[in-house]
Amino acid sequence: MAQSSLIFADNLAVSPLQKLQSPFLDKANVQLFVKRDDLIHPQFGGNKWRKLKYNLQHATNKNFDTLLTFGGAWSNHIYATAAAGKHFGFNTIGLIRGEKHAPLNTTLSFAEECGMQLHYIDRKQYRQKNDASFQKKIIEQFGNVYILPEGGSNSLAIRGCEEIIQEVNSQINKPFDVICCASGTGATLAGMISAIEAEEPIPKKFAIGFSVLKNGEFLTTEVNNFLNNGVADHLLSDNWRIEANFHFGGYAKINDELIQFMRDFQAQYNIALDAVYTAKMFYGLFALIKSNAFKPGSVIVAVHSGGIQGNKGFNL
Ligand SMILES: *Cc1c(COP(=O)(O)O)cnc(C)c1O
């Protein structure tokens, strides 16, 4: 049985906001802070926790004792759901895209150690995961499970990500100008935009989502859908954008330049990045800073959304 009246928020520390210092940033005349969501929890930190939090609360309120979700073999969301499920007393089931490979990789073996039941579905089925007919089959097979979408991205996830803004506001002594994150589904960005748009007064802060996928322009539509269920209001919004130029060839594609950037970043700032998401965001952000994309004196916040466990997929 899931634990009653959860203490989700209370027993996890608020992630630190850390100021980066370097000659590069001084010369560029910007202040850069990192919201260290990677430090929320060693196993279910990052934006995946932000997205899980209100979902687990809701699942508890509705008396679900089992979470079911989807992901690829290196999914940070599978990893976090397995760990958080164990921590908060839920059974967990993971439907994994593709075939089973023995021995299991580090992500899936960790999930299994947390008690997650793994099932493998082929790519065609995987694409149907959000269809009503497929979800009906899931309930028939697994019973009354709480279904989390891929990446945990749904409206309760957006609510969790709004809190990034509220926390940063309370941690920073001067209002920030720009906040950025790495974007896969766009849900984290949508939550941040939603919180910024609720703020007064204008001029508003600006949000940038660095797409980790090729042809990331489509994320503009995805973010709009999250924000407004497809209503066009936010299309006119001028306080956010998707940055589509730093995908490095596509999802989980990397090259030597990116790896070298991660090494240099770690050496300079003593912060480990993940190759799939946060390295691409920081690489892109630094390129924008170098090209004077931000006005002098700008206060910029970058969200470290975690994901370090996935580096093992690249032997990093
Ligand atoms: C999943 C993930 C993201 C992408 O978040 P979205 O809300 O899907 O855009 C970013 N960073 C890390 C480390 C992630 O694991």
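Asn215 sits in the loop that runs between β8 (206-211) and α9 (219-228); helices (H or I, at least four residues) and strands (E, at least two) are DSSP runs, numbered from the N terminus. The phi angle of Asn215 is near 55°, a positive value in a residue other than glycine. A second backbone feature is the cis peptide bond that joins Ala102 and Pro103, with omega about -10°. Pro103 belongs to the loop between β4 (91-97) and α4 (106-113). Most residues other than glycine have a negative phi, and most peptide bonds are trans.

The model is predicted, so local features need pLDDT of at least 70 and side-chain atom pairs count only at pLDDT 80 or more, while totals for chains, interfaces and linings use all residues. Residues are numbered from 1 along each chain as its sequence is written, and side-chain values use heavy atoms, with hydrogens and water left out.

Turning to the ligand, 15 residues surround it, each having a heavy atom within 4 Å of the molecule. The closest are Lys48, Asn76, Thr185, Thr188 and Ser305. Polar contacts (pairs of N or O atoms within 3.5 Å) include one in which a side-chain N or O atom of Thr185 is 2.6 Å from a ligand oxygen. Polar side-chain atoms also lie 2.8 Å from a ligand oxygen in the case of Lys51 and 2.9 Å in the case of Asn47. The ligand taken alone exposes 390 Å², and the protein buries 97% of that (accessible areas by the Shrake-Rupley method with a 1.4 Å probe).

Two or more residues of the shell come from each of α2 (47-61), β7 (178-183) and α8 (187-197), and α2 gives the largest share, three residues. By type, the shell divides into three nonpolar, 10 polar and two charged residues; here Ala, Val, Leu, Ile, Met, Phe, Trp, Tyr, Cys and Pro count as nonpolar, Asp, Glu, Lys and Arg as charged, and the others, Gly among them, as polar. Domain 1 (7-44 + 154-314) and domain 2 (46-152) each supply at least three shell residues, with bounds from an automatic or database domain assignment.

Six strands form an open sheet of mixed pairing, in the order β1-β2-β10-β7-β8-β9; two strands pair if DSSP finds at least two bridges between them. Because β1 (17-20) and β9 (240-243) stand at the edges with a single partner strand each, one side of each is left without a neighbour in the sheet. β1 pairs with β2 (residues 31-35) in the antiparallel sense over four bridges, and Leu17 has Lys35 of β2 as its bridge partner.

Conventions
Polar contact = N/O pair within 3.5 Å; in protein donor to acceptor, adjacent residues only side chain to side chain.
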